[in-house]
Amino acid sequence: MHALEKADAHSLRALRRRFSAQIATADSAVVFELADGLRAAGYDWLGWELINAHDAAFHSLTADGLRQLGSEIASWGQADAFGTILSGPAWREGLVSDADIAGWARNGNRWWRRLALVSTTVLNTRSRWGTGDRDRTLAVVLLLMHDRDDTVVKALSWALRSLVPWDPQAVRTFLEAHDGELASRVKREVRSKLDTGLKSPRRH
């Protein structure tokens with residue numbers, strides 16, 4: 001672990017890829033044990049990447065397992081890493097259900113509500129093998145559009161913006177239909193994405 005302390009994220013990710021190749025045939029339990037050790041050392045995201053990259057470990061994920069893996073999430077960075085590395089891909093692959101994600105959206109913990117929204121972005125991000133999912137994205141957005149926790153509001157904007165490349169008309173129609181219910185930040189950022197392709201217009 002001492003070597004990890006001196007490495008930047010890029011170097012750590014390269015190291016993780018090499019190590020993943022070495023443990024490709026290892027038992028899932030070994031991968032989860034390694035991930036837990038990385039979590040204890042403060043590198044939870046690296047452990048989540050190990051799980052994502054290990055076919056058997058990843059496909060053994062369940063909603064309960066994800067809740068356990070994410071039980072100590074307490075920051076923006078952790079929530080976004082978990083959502084894009086584990087929970088979003090698990091949902092995309094059918095390892096967790098729409099009902100599971102809806103349950104997170106109703107959770108009293110702000111980070112799990114954010115996670116529900118972050119998970120939708122994976123469905124809509126080509127680099128994460130997303131193919132666009134209007135219905136599931138908007139279903140989660142509907143559950144959280146009245147939430148005014150700042151972490152949730154910003155994630156809701158992200159969720160809608162991620163859908164724009166796939167179905168801009170659906171996003172535009174949604175904004176119009178819920179104009180009086182959505183937070184101002186959401187409307188401003190998503191409209192900018194629709195009109196300019198950017199979250200915020202460039203300043204001249």
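By the distance rule used here, the count of salt bridges comes to 19. Keep in mind as you look around that this is a predicted model. Let's start with a few of those charged pairs and then move on to helices, a loop and a surface patch.

**Some salt bridges**

Here are three of the pairs, with the gap between their closest N and O atoms.

| Pair | Closest N to O distance |
|---|---|
| E49 and R13 | 2.7 Å |
| R92 and E93 | 2.8 Å |
| R185 and E189 | 2.8 Å |

Take E49 and R13, whose salt bridge has its closest N and O atoms 2.7 Å apart. This pair ties together distant parts of the chain: E49 belongs to helix α4, R13 to helix α2, and 36 residues separate them. Is E49 buried or exposed? With a relative accessible area of 8%, E49 is buried, because anything under 20% falls in that class. R13 has a relative accessible area of 31%, so R13 is partly exposed. The story doesn't stop at two residues, either: R13, R16 and E49 are linked in a network of salt bridges.

R185 and E189 make a more local pair, both sitting in helix α13 (residues 184-196). They are 4 residues apart, which is about one turn of the helix. R185 is partly exposed, at 26% relative accessibility, while E189 is buried at 4%.

Then there's R92 with E93. Both ends of this salt bridge reach some open surface: R92 is partly exposed with a relative accessible area of 23%, and E93 counts as partly exposed at 41%.

**Two helices side by side**

Now find helix α4 (residues 44-53) and helix α7 (residues 76-92). Their axes come within 10 Å and cross at roughly 10 degrees. How do α4 and α7 run, roughly parallel or roughly antiparallel? An angle under 35 degrees counts as roughly parallel, and therefore α4 and α7 are roughly parallel to each other. On the α4 side, the residues that meet α7 are D44, W45, W48, E49, I51 and N52. Their partners in α7 are Q78, A81, F82, I85, L86 and P89. You've seen E49 already, as the buried partner in the salt bridge with R13.

Helix α7 also holds D80. At 16% relative accessibility, D80 counts as buried. Which residues does D80 touch, once you skip those up to four places away in sequence? They are R114, V118 and W158.

**A buried leucine in a loop**

Next, look for L61 in the loop between α5 (55-59) and α6 (63-69). Being in a loop doesn't put L61 out in the open here: at 5% relative accessibility, L61 counts as buried. Leaving aside neighbours within four places in sequence, L61 is in contact with F32, I51, L66, L69, L86, A90 and L95. Two of these names, I51 and L86, also appeared where α4 meets α7. A90 is a nice one to trace on screen: L61 and A90 are 29 residues apart in sequence, yet their C-alpha atoms are 7.2 Å apart in space.

**A nonpolar patch outside**

Finally, turn to the surface. F19, V30 and L34 make a nonpolar patch of about 200 Å². F19 comes from helix α2 (residues 9-22), the helix that also holds R13. At 31% relative accessibility, F19 counts as partly exposed, because that class covers values between the 20% and 50% cut-offs.

How values were computed
Residues numbered from 1 in each chain as written. Predicted model: local features only at pLDDT ≥ 70, side-chain atom pairs only at ≥ 80, totals over all residues. Heavy atoms only, no water. Patch = residues over 30% accessible without salt bridge, like charges linked within 9 Å, V, L, I, M, F, W, Y side chains within 5 Å. Areas by Shrake-Rupley, 256 points an atom, 1.4 Å probe, with all protein chains shown as cover. Salt bridge = Lys/Arg side-chain N within 4 Å of Asp/Glu carboxyl O. Buried < 20%, exposed > 50% of the residue type's maximum accessible area, 1.4 Å probe, protein only. Axes fitted to C-alpha atoms, helices over the stretch in contact; angles between N-to-C directions. Parallel < 35°, antiparallel > 145°, perpendicular 65-115°, else oblique. Contact = heavy atoms within 4.5 Å.
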